[in-house]
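User: I'd like to go through this model and ask why its features get the labels they do. Could you set the values against the cut-offs as we go?

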Amino acid sequence: MSAYIVKRFLLMILTLVGMSIIIFVLLRLMPGNIVDIMFDSAGFVDPAEKANIERELGLDQPIPVQYFEWIHGLIVWDLGFSYVSEMPVADEIQPRIPITAKLAALSLFFAILFGLPLGVISAVRQNSGMDYTLRCISLSGLSLPSFWLALLILMAFVQYTGSIPIYINPPDNLWDELLLYSIPAAAVGFRSSALIMRLTRSSMLEVMRQDYIRTARSKGASDNAVNYRHALKNAVLPVTTIIGIEAAFLIGGLIITETVFNIPGVAHFLVEAILMRDYPIVQNLVMLIALVTVLINFLVDMLYAVLDPRIKYAD
Amino acid sequence: MAEIDHRAELSRAGANVSGHWSRMLFYARQHPLGALGAVIVVVFVLAALFADVLAPHDPLDTSAPDSLKAPGTIFVMGADMMGRDVLSRIIHGARISLTVGVASILLGGVIGIVIGLMSGYLLGWFDLLMQRLIDIMQALPLLVLALVMAASLGPSLENTIIAISIPLVPNVARVVRSSTLSLREMPFVEAARAAGMSELRVAVRHVLPNTLAPLIVLFTAQLGSAILVEASLSFLGLGVPEPHPSWGRMLSESAAEYVRVAPWLVIFPGIAISLAVFGTNLFGDAVRDILDPRQRS
Amino acid sequence: MGYPLSAAAFGLGVAMLAGYAGTALAQKDGGVLKLYHRGTPPSGSIHEEATNSTVSPYMGVFNNLVMYRQDEAKNSLETIVPDLAESWSWNSDGTQLTFKLHQGVQWHDDKPFTATDVKCTWDLVLGKSKAKLRKNPRKSWYKNLKEVTTNGDHEVTFHLKRRQPAFIALLASGYSPVYPCHVPPKTMRTAPIGTGPFKFVSLKQNEHVKFTKNENYWKEGKPHLDGHEWTIIKSRSTRVLAFIAGEFDMTFTTDVTIPLLKDVRSQAPNAVCDLVTTNVSTNLIVNQDTPPFDNSDIRRAMVLSIDRQAFIDILGHGETLQGGAMMPPPSGVWGMPPEILQQVAGYNPDVEANRAEARKIMEGLGYGPENRLAVKISTRNISIYRDPAVILIDHLKHIYIDGELDTVETSNWHPKVARKDYMIGLNLTGVGVDDPDANFYENYSCGSQRNYTGYCKEEMEALFKEQSMMTDQEERKKLVWEIDKRLQEDAARPMIFHNKAAHCYQPYVKGFVTHVNSVYNNWRLEDVWLDR
């Protein structure tokens with residue numbers, strides 16, 4: 001078991017290193033560079049001054065050198081400066097992490113709150129009208145473009161309440177914060193809950209087909225009790241995986257939602273930084289997102305191993 | 001009465017004349033939602049194929065007097081800011097969406113199959129390398145990966161397709177690799193090999209067809225996802241550029257700006273995307289149920 | 001649907017002045033003005049930028065030597081008033097402009113302001129000082145400035161190479177603040193220091209930029225506000241919705257497009273919205289060095305195919321204006337009046353006749369329905385650029401030209417233009433000051449960095465100089481019309497239309513006047529107060 005953990009951990013590091021190379025190269029492939037963007041607001045590009053700025057930013061050095069400088073910076077926790085604001089990258093990224101983390105947590109909460117029970121109901125009442133309805137709702141959750149949904153929500157809010165649920169000022173207290181995040185979180189959570197519901201349903205169905213459920217039922221336990229108690233208990237495992245996948249999946253969803261609701265989190269920041277070719281921000285943010293994703297996957301695997309003694313980790 | 005007779009006649013005829021037809025009817029009855037999805041997909045594909053015939057106007061024609069015209073008899077779904085017909089743009093947009101979807105499936109599918117087959121066959125260092133590469137590709141959420149790819153490549157139809165196809169590669173490669181691993185020890189594959197078939201032919205003739213079922217499931221899912229990701233990229237300013245009438249592009253920027261003055265600009269393309277994705281998802285679910293008996297509900 | 005509010009606010013300078021005088025009696029101090037911003041300002045250093053993303057929020061940090069009256073909607077030489085300079089005078093041959101400076105002024109970091117700071121600022125712009133600006137977009141404005149000298153701590157003289165009566169118009173722009181000598185350019189970009197009514201507090205990318213009242217401001221009793229804060233919202237639909245919902249006191253500079261204005265008026269009927277010309281024109285840059293537009297006949301045909309009214313009807317709902325290089329009247333001081341404009345080739349309102357003529361030219365060159373000319377129209381991938389390009393392609397279809405849209409990312413646009421890697425580019429040009437000197441030298445003069453097409457003609461240079469040296473402004477105007485006409489007929493940068501947009505604020509915002517011929521000069525905010 002511990003050998004397995006060590007192996008998984010080393011693979012995780014390897015993945016991150018590979019990621020860092022790929023993202024670094026991809027960024028340098030991008031058409032247009034930061035200096036051209038800097039000059040855009042002045043309405044011209046001065047070649048001599050452009051060369052000066054490139055030297056100042058270290059962009060004139062060979063790409064491998066730039067790469068190793070970045071990695072060295074990561075190790076000694078010197079992430080460099082944002083090209084756009086000329087502020088330290090860490091100062092730019094850090095205050096945005098809790099915002100996204102809170103939003104993600106709330107979204108996940110909504111997703112589980114609705115997805116899990118509805119998935120169970122749908123499985124237990126398989127092929128009933130209820131099942132079809134719930135499946136259609138969950139599929140529509142996966143089919144609506146999230147920015148469209150968010151836009152419709154904004155419009156409806158202004159129309160019917162006269163207020164607009166976007167982030168304008170940092171919230172003063174916990175209650176305001178909850179209110180502020182709950183609408184965007186619900187918008188993201190809707191989509192995630194659809195996925196959770198679908199996967200819960202299929203896991204439940206699988207478990208319900210297995211023998212011991214039938215045995216319990218034949219021993220006279222009432223249908224519903226059996227279905228809910230036994231089946232859910234056994235479906236916990238796959239559902240854990242789903243939630244793990246969801247947590248990573250959420251970050252993608254937040255890119256759109258943070259943009260529409262003007263929430264100053266890391267996902268929105270990533271989009272802006274990509275558009276501005278702010279390499280120091282983009283490469284460090286992407287690494288952060290990769291780290292979170294890989295860590296979650298790792299933890300889910302570990303949890304899986306602990307929860308399910310049947311799984312053996314020979315290799 | 002006559003109607004029932006007629007239907008019975010048809011089904012009998014179908015059963016006798018064409019096995020495919022009756023099988024389709026059988027599946028349709030078994031999976032009513034899937035049948036609905038299939039109908040939507042067919043409509044979507046037909047719109048894409050015959051856009052030139054179906055669209056009542058040229059999707060690129062601008063016209064000053066028709067700017068932001070509300071839906072009516074001439075412009076069934078209204079006109080956009082530049083006086084272009086929304087319905088015609090949606091019909092032509094189906095072509096863009098289908099192109100992006102199908103091309104990304106082809107591209108991602110081929111790369112994934114090649115990687116998967118080679119990994120499963122060659123094993124060793126190649127397999128190890130590919131497995132790590134796949135790990136890396138999966139270390140980023142789909143939209144983040146597509147976003148970075150789209151930005152690196154620059155906005156164009158081709159690059160959007162590439163950006164959307166990349167996240168498909170690891171899924172396909174995984175499925176093909178694991179099938180290959182289990183199939184290569186199967187008696188019929190060994191028999192083929194014993195009969196003197198080359199490894200490549202064994203792979204293409206015997207192993208690949210047996211991985212088809214899970215691949216089809218993946219591909220139908222990808223079609224819906226490609227449409228959505230393209231729309232999201234366009235919304236973020238990185239998708240298929242103008243003047244292509246992409247659905248995502250139609251929904252972003254000026255449409256969003258005039259959403260309250262001209263809600264039809266946002267409602268109809270939004271419905272088009274949702275319906276197309278909904279249809280492919282329904283269809284995809286049914287396909288999965290049919291092809292993957294373990295998951296059959 | 002009428003525009004009841006704009007009638008009062010727009011165009012009637014008298015009404016505005018009267019309103020201003022009325023409110024001047026009882027200003028209330030206090031309160032923070034809340035605005036939204038369309039995107040993170042590229043930096044806080046006004047001298048390094050050519051965008052109102054920087055000027056609007058940061059102008060209040062600084063003072064100029066002189067400025068345009070903030071309460072007068074139409075900028076002209078007559079509306080220039082003292083700022084840091086108490087008075088100014090020209091020498092007899094009009095080559096030396098001397099300013100007497102206000103005494104006892106302090107920078108935000110408590111260091112005293114002196115004449116040296118003024119000299120430093122223009123040395124920086126001329127590239128003479130040791131400290132260097134990263135970007136210097138208005139170098140061309142000061143082509144005629146030889147040097148700046150000080151005479152003691154409170155007097156400074158600008159020495160010109162030749163007479164230029166309108167030189168002072170450039171100094172009055174929001175683009176011409178006085179910088180402190182002791183603060184390096186990098187600090188000016190990130191945390192600028194000025195003498196102005198508001199101090200810079202903080203900038204957070206994609207979030208906000210904040211300014212607070214300068215308690216020691218040298219103008220007695222000003223500013224009235226405790227500060228102003230700009231929330232950054234990239235999506236225009238979202239931010240205008242937020243304004244409608246009452247989250248903001250004021251929109252970003254002329255951010256409300258004409259179709260959106262209808263929405264604001266119906267949803268927020270109390271808001272004050274001024275529909276003004278922005279001094280931003282939508283125009284074409286034509287590459288005259290490579291085929292096919294090296295052929296002047298094809299250029300002429302292309303210009304003739306344009307239905308300017310169609311652009312105006314679609315993109316401006318009939319509100320935007322036709323004009324030449326200079327902003328058209330009544331808002332603009334220097335633009336050609338309609339009767340002269342119509343004589344310019346391609347401005348004839350009979351579009352069908354123009355196009356018939358254009359087709360004849362094209363047929364003469366061997367083009368026709370069966371032999372069409374394929375061209376690329378390059379433009380930035382932003383809707384205000386892209387939308388007119390789409391219309392242009394539609395118009396070119398009428399004269400056997402098939403245009404293909406080539407959308408260019410923001411980062412690639414200027415390099416591409418500089419490489420001359422385009423056939424036709426669709427471009428937007430903003431002019432900081434409604435004065436021919438600013439416009440001609442920036443956009444049409446040999447060697448200017450912002451002269452994208454590289455248009456450079458000796459006889460035009462001579463004319464630019466001639467008008468620049470004229471003292472009689474009415475005579476000058478006639479020459480400017482003549483120059484403008486020649487620029488249009490040369491297809492130097494064919495104008496399509498002059499943009500208009502609305503600036504909106506809540507009714508309790510007082511003391512703010514939207515300028516009608518520049519969006520860059522009215523952001524000192526020292527007179528603004530909140531009647532709440």
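User: What does helix H4 of chain C lie across, and how does H4(C) run relative to E6(C)?

Analyst: Helix H4 (residues 115-126) of chain C lies across E5, E6 and E7 of chain C, and its angle to E6(C) is about 160 degrees. Axes here are lines fitted to C-alpha atoms, for helices over the stretch in contact, and angles run from 0 to 180 degrees between N-to-C directions. Helices (H or I, at least four residues) and strands (E, at least two) are DSSP runs, numbered from the N terminus. Bear in mind that this is a predicted model: local features need pLDDT of at least 70, side-chain atom pairs count only at pLDDT 80 or more, and totals for chains, interfaces and linings use all residues. Residues are numbered from 1 along each chain as its sequence is written, while chains are lettered from A and ligands numbered from 1 in the order in which they are written.

User: What makes E4, E5, E7 and E6 of chain C an open sheet, and which strands stand at the edges?

Analyst: Two strands pair if DSSP finds at least two bridges between them. E4 (residues 85-90) and E5 (residues 96-101) of chain C have five bridges and run antiparallel, and five bridges also join E6(C) to the antiparallel E7 (residues 155-160) of chain C. The four strands come in the order E4-E5-E7-E6 (chain C), with antiparallel pairing. E4 and E6 (145-150) of chain C each have a single partner strand, so they stand at the edges, with one side of each left without a neighbour in the sheet. From one strand to the next, the twist averages 20 degrees.

User: Which residues stand opposite each other there, and what sits between E4(C) and E5(C)?

Analyst: Trp90(C) faces Leu97(C) in E5(C), and Thr149(C) is opposite Thr157(C) in E7(C). E4(C) and E5(C) form a hairpin with five residues between them, and Gly94(C) in the turn has a positive phi of about 70 degrees.

User: How do you know that E10(C) is mostly covered?

Analyst: A residue is buried if 20 or more other C-beta atoms lie within 10 Å of its own, exposed if 12 or fewer, and partly exposed in between, with C-beta atoms placed from the backbone. In E10 (residues 227-232) of chain C, five of the six residues are buried. E10(C) pairs in the parallel sense with E1 (residues 32-37) of chain C over six bridges, with Tyr36(C) opposite Thr231(C). E9 (residues 208-213) of chain C runs antiparallel to E10(C) over five bridges, and Lys210(C) has Glu229(C) as its bridge partner.

User: Why is the pairing in that sheet called mixed, and where are its edges?

Analyst: The order is E1-E10-E9-E8 (chain C), and the sheet has a parallel pair, E1(C) with E10(C), as well as an antiparallel pair, E9(C) with E10(C). E1 and E8 (198-204) of chain C are the edge strands, because each has a single partner strand.

User: Why does Ser45(C) count as buried?

Analyst: Ser45(C) has 22 C-beta neighbours inside 10 Å, so it counts as buried. Ser45(C) is in the loop between E1 and H3 (52-58) of chain C. Leaving out residues up to four places away in sequence, Ser45(C) touches Pro185(C), Met188(C), Arg189(C) and Pro192(C); a contact means C-beta atoms, placed from the backbone, within 7 Å.

User: What makes chain C as compact as a globular protein of its length?

Analyst: Chain C has 17 helices and 17 strands. Its radius of gyration is 23 Å, close to the 24 Å that the globule rule gives for 532 residues, so chain C is as compact as a globular protein of that length. The radius is taken over C-alpha atoms, and the rule is 2.2 Å times the number of residues to the power 0.38.

User: Why are H5(B) and H8(B) called oblique?

Analyst: Angles under 35 degrees count as roughly parallel, over 145 as roughly antiparallel, 65 to 115 as roughly perpendicular and the rest as oblique. The axes of H5 (residues 86-122) and H8 (residues 157-165) of chain B come within 8 Å and cross at roughly 55 degrees, and H5(B) and H8(B) are therefore oblique to each other.

How values were computed. Contact = placed C-beta atoms within 7 Å.
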